[in-house]
Amino acid sequence: EEFREIVGKYGFCFDAEMVNVHMVDSTGNIQEIGRNRSKRVTGRPESREGQMGIVAPWGYGADLDMSELPKAVHKIVQRLRDKGYQLGPLRDCTINHRTGSFFMIHPHVDPLTDGPNVFVLGILSGAVLTFTPDGVDGRRGLEVEEKSWTDQDLDVIIRRRSIAAFTGDARYKWRHGIRAGMQLQAPEL
């Protein structure tokens, strides 16, 4: 509930990041059924094509204020530290929330100022995190949902209430993203 309140207050979605949602029926016909508006909350100032995102009160980088983070994040950080993870100071906390059944994050490498470790948590639902090699031209459009961005991609299942951590080459040399997926209309299944 705490995360939903924060998304309601500070969540944003840039027009350039809206995903077209398509349905494929049992005969293979593709129909566009709308656009998904997922929301992101971050303390990092962001903009796209002239639109400004909302900056969450916890801030970013060396100025990140742990006392402003959601209580649930404090618990997660403490559990990680108790398990022996050497986190160092937190530099970023971004919450991605899908507002419909589809959600997509284009492949990217997080800013270097985020630090050497990236943790992805599945809080309210699971997802498939896809690592794709940097510098490789990838597929586009529906072909991504059918085959992934490249033939070299690596999928990692993140279950609800689980965590994926990456550093080194996975953090700096591989892009990570979440494909939107496809909804199949197949009554015979």
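Author: A residue counts as buried under 20% relative accessible area and as exposed over 50%, with partly exposed in between. The model discussed here is predicted.

Reader: Which residues of helix H1 are buried?

Author: Helix H1 spans residues 2-10. An α-helix has 3.6 residues a turn, so residues three or four places apart point the same way. The buried residues of H1 cover an arc of only 100 degrees around the axis, which puts them on the same side of the helix. They are Phe3, Ile6, Val7 and Tyr10.

Reader: Which residues are exposed on the other side of H1?

Author: One side of H1 holds the buried residues, including Ile6 and Val7. The exposed residues on the other side are Glu5, Gly8 and Lys9.

Reader: What covers the buried residues of H1?

Author: The buried residues in question are Phe3, Ile6, Val7 and Tyr10. Their cover includes strand S3 (39-42), helix H2 (71-82) and strand S6 (94-97).

Reader: Which element gives the most residues to the largest nonpolar core?

Author: The largest nonpolar core has 15 residues, and Ile6, Val41, Trp58, Leu69, Val73, Cys93 and Ile95 have the most contacts inside it. The elements that give two or more residues to this core are H1 and H2. With four residues, the element that gives the most is H1.

Reader: With which residues is Val41 in contact, leaving aside its neighbours within four places in sequence?

Author: Val41 is among the residues with the most contacts inside the largest core. Its contacts beyond those neighbours include three buried residues of H1, namely Ile6, Val7 and Tyr10. The full list is Ile6, Val7, Tyr10, Gly11, Ala56, Trp58, Cys93, Thr94 and Ile95.

Reader: How many residues does the second, separate core have?

Author: This second core is separate, and Ile105, Val118, Leu129 and Phe166 are among its residues. Its number of residues is eight.

Reader: How far apart, centre to centre, are Phe131 and Phe166 in their aromatic pair?

Author: A search of the whole structure finds three aromatic pairs, and Phe131 with Phe166 is one of them. The two planes stand at 90 degrees, and over 60 degrees counts as edge-to-face. The centre-to-centre distance is 4.9 Å.

Reader: How many residues apart along the chain are Phe131 and Phe166?

Author: Phe131 lies in strand S9 (residues 127-133) and Phe166 in strand S11 (residues 162-166). Both residues are buried. The pair links distant parts of the chain, and the separation is 35 residues.

Reader: What is the order of the strands in the open sheet of four strands?

Author: Strand S7 (residues 105-108) pairs with S12 over two antiparallel bridges. Four bridges join S9 to S12, again antiparallel, and S9 pairs with S10 in the antiparallel sense over five bridges. The order is S7-S12-S9-S10.

Reader: Which are the edge strands of this sheet?

Author: An edge strand here pairs on one side only. S12 pairs with S7 and also with S9. The edge strands are S7 and S10.

Reader: Which residue in S12 stands opposite His108?

Author: S12 covers residues 174-178, and four of its five residues are buried. Thr132 stands opposite Arg175 in S12. The residue opposite His108 is His176.

Reader: Is Glu49 buried or exposed?

Author: Glu49 lies in the loop between strand S4 (47-48) and strand S5 (51-52). Its phi is near 45 degrees, a positive value in a residue other than glycine. Most residues other than glycine have a negative phi. Because its relative accessibility is 75%, Glu49 counts as exposed.

Reader: Is Ser148 buried or exposed?

Author: Ser148 is found in the loop between helix H3 (142-147) and S10. Although Ser148 is not a glycine, its phi is positive, at about 90 degrees. With a relative accessibility of 5%, which is under 20%, Ser148 counts as buried.

Reader: What distance separates the C-alpha atoms of Thr113 and Asp92?

Author: Thr113 sits in the loop between S7 and strand S8 (118-122), and at a relative accessible area of 43% Thr113 is partly exposed. Leaving aside neighbours within four places in sequence, its contacts are Tyr60 and Arg91. Thr113 and Asp92 are 21 residues apart along the chain, and their C-alpha atoms are separated by 8.8 Å.

Conventions:
Residues are numbered from 1 along each chain as its sequence is written. This is a predicted model: local features need pLDDT of at least 70, side-chain atom pairs count only at pLDDT 80 or more; totals for chains, interfaces and linings use all residues. Side-chain values use heavy atoms; hydrogens and water are left out. Buried means under 20% relative accessible area, exposed over 50%, partly exposed in between (1.4 Å probe, protein chains only). The arc is that of the directions from the helix axis to the C-beta atoms. Contact means heavy atoms within 4.5 Å. A nonpolar core is a set of buried Ala, Val, Leu, Ile, Met, Phe, Trp, Tyr and Cys residues joined through side-chain atoms within 4.5 Å. Rings of Phe, Tyr and Trp (its six-membered ring) pair if their centres lie within 6.5 Å; planes under 30 degrees apart count as stacked, over 60 as edge-to-face and the rest as tilted. Two strands pair if DSSP finds at least two bridges between them.
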